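Let's go through this one by question and answer, strands first and rings later. Have a look at the model, then read on.

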Amino acid sequence: MRLTTTDLFALSQMAIEAAQKAGALIREYSTKEVAVNNKEAADSLASQVVTEVDVKAQNTIIEVLSTSISKYDLALLTEESVDDKSRFEKDYFWCIDPMDGTLAFTEKTPGYAVSIGLVSKSGEPVIGVVFDPLTNNLYYAVKGQGAFKNHKSWQPDLQLEGKRTFTLHMDRTFLKYEHFDEFINGLEDKLQELNINQLQLQKQAGAVLNAIWTLDKAPGCYFKLPKPTPGGGSLWDFAATACIFNELGAPATSFDGTPLDLNRRDSTFMNHRGALYVSNKEIADTVRALMRTKL
């Protein structure tokens with residue numbers, strides 16, 4: 001079935017409720033000692049860490065969304081459950097990360113959030129909801145209906161003109177990248193041309209808030225390089241934020257500039273194409289140009 005504008009709005013409200021309930025649960029545990037376990041995932045520590053809170057948050061979300069799954073015949077893809085491949089059969093699927101940035105959560109630092117997206121079978125994000133339990137900031141978007149922050153229409157200033165500071169939001173693993181210093185020097189040179197004289201590095205957050213902060217603390221960028229091995233984030237790391245970026249007209253693409261492959265058939269990982277989130281297209285072109293000879 002094809003979802004109408006009314007359907008999408010109703011589903012977005014359910015996703016908001018689910019994200020806020022999961023966020024409230026996460027907040028309750030944020031000052032407690034929580035058992036940390038490892039799971040089979042990619043090769044980074046951040047992707048391997050899981051806690052009881054991740055699972056409880058996921059259960060909370062699914063409980064709220066369960067009626068929508070049956071009513072609208074939706075599939076379900078979540079980080080803490082096995083991919084049943086129903087996303088290839090249904091017209092839409094919920095794409096859920098109950099707590100992105102689990103490593104930050106275990107370290108009791110900012111950088112974790114709830115992320116709920118609704119994605120079409122073709123891989124187009126049509127709803128995106130992100131909730132930050134630490135700040136209570138709620139970000140969401142619905143295809144064709146705009147983007148919102150804390151239930152108010154949201155249009156952050158994404159222009160470079162007049163800005164003096166630019167933030168590179170990155171994963172900690174990027175610090176070990178063999179061309180890291182060369183990339184930073186090249187980016188600083190380009191920013192100087194744009195009269196931006198300060199480059200800040202932010203490396204504490206998960207993929208979801210890295211993307212959101214690229215908008216909320218603009219100008220900035222966040223990217224995942226393509227690579228041959230599994231990793232590079234997963235579908236649930238990018239589905240919700242991609243919808244928000246799309247509604248704001250900000251670039252959220254694969255690293256090569258093609259659309260994000262948000263219903264990848266052979267894996268849930270995004271390593272095959274990488275991802276690039278930027279607050280401004282000119283910076284997207286710069287980042288790609290700086291990395292083109294290094295991939």
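Q: In which sense do β13 and β14 pair, and over how many bridges?
A: This is a predicted model, where local features need pLDDT of at least 70, side-chain atom pairs count only at pLDDT 80 or more, and totals for chains, interfaces and linings use all residues. Residues are numbered from 1 along each chain as its sequence is written, and side-chain values use heavy atoms, with hydrogens and water left out. Strands here are DSSP runs of E, at least two residues, and helices are runs of H or I, at least four, numbered from the N terminus; two strands pair if DSSP finds at least two bridges between them. β13 and β14 pair in the antiparallel sense, over two bridges.

Q: Which residue of β14 stands opposite Ala252?
A: Strand β14 covers residues 275–278, with Ala275 and Tyr277 pointing one way and Leu276 and Val278 the other. Those four are buried, meaning under 20% relative accessible area (exposed is over 50%, partly exposed in between, with a 1.4 Å probe and protein chains only). Ala252 stands opposite Tyr277.

Q: Is Thr253 buried or exposed?
A: Thr253 sits in strand β13, residues 252–253. Leaving aside residues up to four places away in sequence, Thr253 touches Thr258, Leu260, Gly274, Ala275, Leu276 and Arg288, where contact means heavy atoms within 4.5 Å. Its relative accessibility is 15%, so Thr253 counts as buried.

Q: Which residue of β14 stands opposite Cys221?
A: β14 also runs antiparallel to β12 (residues 220–224), joined by four bridges. Opposite Cys221 in β14 stands Val278.

Q: Which are the edge strands of the seven-stranded sheet?
A: The sheet is open and mixed, in the order β3-β4-β5-β6-β7-β8-β9. An edge strand pairs on one side only, and that applies to β3 (75–78) and β9 (152–153).

Q: What angle does helix α6 make with β6?
A: Helix α1 (residues 5–29) packs on this sheet, touching β4, β5, β6 and β7, with its direction at about 25° to that of β6. Axes are lines fitted to C-alpha atoms, for helices over the stretch in contact, and angles run from 0 to 180 degrees between N-to-C directions. Helix α6 (residues 207–216) packs there too, touching β4, β5, β6, β7 and β8, and its direction makes an angle with that of β6 of about 95°.

Q: How many of the 10 residues of α6 are buried?
A: Among the buried ones are Val208, Ile212 and Trp213. Helix α6 is largely enclosed by the rest of the structure, because the buried share of its 10 residues is nine.

Q: How far apart are the ring centres of Tyr139 and Trp154?
A: Rings of Phe, Tyr and Trp (its six-membered ring) pair if their centres lie within 6.5 Å; planes under 30 degrees apart count as stacked, over 60 as edge-to-face and the rest as tilted. Tyr139 is in strand β7 and Trp154 in the loop between β9 and β10, 15 residues apart. The pair is tilted, with 55° between the planes, and the centre-to-centre distance is 5.3 Å.

Q: What kind of pair do Phe174 and Phe180 form?
A: Both belong to one aromatic cluster, together with Tyr177, Phe183, Phe223 and Phe255. Their centres are 5.4 Å apart and their planes at 75°, so the pair is edge-to-face.
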